[in-house]
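The following account leads the reader through a protein model, one region after another. It should be read with the sequence and the coordinates at hand.

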Amino acid sequence: IMDAVLAGYETMIRLGMAIRLSPMPKAFRSTAVLAPFGAAFAAAKIMDLSIGQTVSAASFACHSASGFNNWVSEGTGEDVLQNGWGARNGMEAAILAKTGLKGARYILEDKDGLLAAFSALEQKDVITKELGMKWHILDVDFKPMCSCLKLMAPCQIAKRLKTQISDIENIKEIKIGVAEKTLHHAGTAETEVSSQVQAIMSIPFGVANVLVTGDYSYISWDPPYDADILDLMKLCKVEEQSHLTEIFPGKRGAELTITLSDGRILCELQDDVLGLSKQEVKKRFESTM
């Protein structure tokens with residue numbers, strides 16, 4: 001089972017790295033695009049498919065590599081369904097391959113294949129770079145918040161800056177610097193939310209919560225929302241920061257600048273998300289038992 005988990009994660013991450021380095025249209029959700037591919041490799045390992053059958057399974061999975069982000073703007077939440085559909089499609093791809101059905105061998109790098117569809121043909125070597133030597137699954141972090149990853153760094157900075165703010169009514173302006181692709185990701189800069197789905201995608205919502213409550217561990221994502229939080233969200237402006245764009249997607253940092261009514265300007269840059277420590281992961285896991 002662990003070999004299957006490793007195969008699924010590693011292939012999904014590697015393909016994702018190639019696609020995310022390309023100008024993939026922001027309407028696509030990368031997890032939905034990649035899920036069938038990772039699931040197909042995991043299922044192929046569990047089912048002990050041959051190399052040829054595994055290639056076919058991956059090929060079939062590529063045909064269901066899709067999923068869009070408009071669920072954020074409408075607040076409907078198909079993102080969790082996309083994950084399930086991806087797993088199902090990957091498993092079905094492996095089952096089809098086991099019957100002996102042949103899939104296209106070059107569907108990734110062909111001029112009419114998956115990478116071409118996402119303008120990522122130039123990134124194809126990323127997929128096999130250091131294969132067998134570098135294991136990207138070891139770089140996987142556990143998020144400290146139950147939200148989109150893009151909220152993490154801004155909220156972690158906000159928690160530290162909050163200690164220097166005696167009264168949130170003194171806040172005049174909040175600028176949040178992020179990478180270019182983060183800025184254009186679905187729901188990133190929204191300053192008005194009406195549902196849980198929209199809240200967990202909005203950086204202003206997360207930052208405003210932390211500045212009001214002082215922490216990000218137990219944010220309430222469900223409406224109705226605190227009036228102070230909604231007011232602070234209106235003071236937020238999310239913008240691109242060139243340094244963060246340059247180090248993305250390897251690092252997903254943020255820069256937070258808060259202007260106060262007394263003239264002080266609080267500013268801090270954090271290059272990357274700070275994941276949970278091993279002890280914190282263990283504690284969280286035990287809390288679910």
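The model shown here is predicted. A convenient place to begin is Arg264, which has a relative accessibility of 36% and therefore counts as partly exposed, since that class covers the range between the 20% limit for buried residues and the 50% limit for exposed ones. The side chain of Arg264 joins that of Asp262 in a salt bridge, with an N to O distance of 3.0 Å. This pair belongs to a total of seven salt bridges.

Two further members of that group may be considered in turn. Lys111 and Asp112 form a salt bridge whose closest N and O atoms are 2.9 Å apart, and both residues are exposed. In helix H14 (residues 278-287), the side chains of Lys282 and Glu286 meet in a salt bridge at 2.5 Å, N to O. These two residues are four places apart, about one turn of the helix. An α-helix has 3.6 residues a turn, so residues three or four places apart point the same way. Glu286 has a relative accessible area of 42% and is partly exposed; Lys282, at 43%, is likewise partly exposed.

Glu109 lies in the loop between helix H5 (79-98) and helix H6 (114-117). With a relative accessibility of 36%, Glu109 is partly exposed. Beyond its neighbours up to four places away in sequence, Glu109 touches Leu121 and Lys124. The C-alpha atom of Glu109 is 9.1 Å from that of Ala120, a residue 11 places away along the chain.

Helix H5 also contains Gly90. The relative accessible area of Gly90 is 0%, so this residue is classed as buried. What does Gly90 touch, if residues up to four places away in sequence are not counted? The residues in question are Pro36, Ala39, Ala40 and Ala43. For one of these, Ala39, the C-alpha atom is separated by 4.5 Å from that of Gly90, although the two residues are 51 places apart along the chain.

Attention now turns to the second largest pocket, which holds about 820 Å³ of space. Its lining comprises 29 residues, and those closest to the centre are Thr11, Phe37, Phe41, Ile127 and Leu131. At least two lining residues are supplied by each of helix H1 (2-20), helix H2 (30-46), helix H3 (51-62) and helix H7. Helix H1 provides the largest share, six residues.

Following the chain onward, Lys150 is located in the loop between helix H7 (124-128) and helix H8 (152-162). Which side chain of opposite charge is nearest to this buried residue, and how far away is it? It is Glu190, at 9.1 Å. A salt bridge requires a side-chain nitrogen of Lys or Arg within 4 Å of a carboxyl oxygen of Asp or Glu, and Lys150 has no salt bridge. A polar atom of the Lys150 side chain does, however, lie 2.5 Å from the backbone oxygen of Ala186. Apart from its neighbours within four places in sequence, Lys150 is in contact with Thr182, His185, Ala186, Gly187, Thr188, Met201 and Ile203.

Helix H8 contains Gln156, which has a relative accessible area of 4% and is therefore buried. The side chain of Gln156 reaches a backbone oxygen, that of Leu274, at 2.7 Å. When neighbours within four places in sequence are set aside, the contacts of Gln156 are Pro144, Tyr216, Gln270, Val273 and Leu274.

One of the contacts of Lys150, Ile203, leads to helix H11 (residues 203-213). Nine of the 11 residues of helix H11 are buried, so this helix is largely enclosed by the rest of the structure. The buried residues are Ile203, Pro204, Phe205, Gly206, Val207, Ala208, Asn209, Val210 and Leu211. At the start of helix H11, a side-chain oxygen of Ser202 comes within 3.1 Å of the backbone nitrogen of Phe205. Just after the helix, Gly214 adopts a positive phi of about 90 degrees.

Notes. Residues numbered from 1 in each chain as written. Predicted model: local features only at pLDDT ≥ 70, side-chain atom pairs only at ≥ 80, totals over all residues. Heavy atoms only, no water. Buried < 20%, exposed > 50% of the residue type's maximum accessible area, 1.4 Å probe, protein only. Lys, Arg positive; Asp, Glu negative; His and termini not counted. Polar contact = N/O pair within 3.5 Å; in protein donor to acceptor, adjacent residues only side chain to side chain. Contact = heavy atoms within 4.5 Å. 1 Å grid on protein atoms, 1.4 Å probe; cavity = no way out; pocket = protein on both sides within 12 Å on 5 of 7 lines; lining within 4 Å. Points joined across faces, edges and corners; volume = space filled by probe spheres on them.
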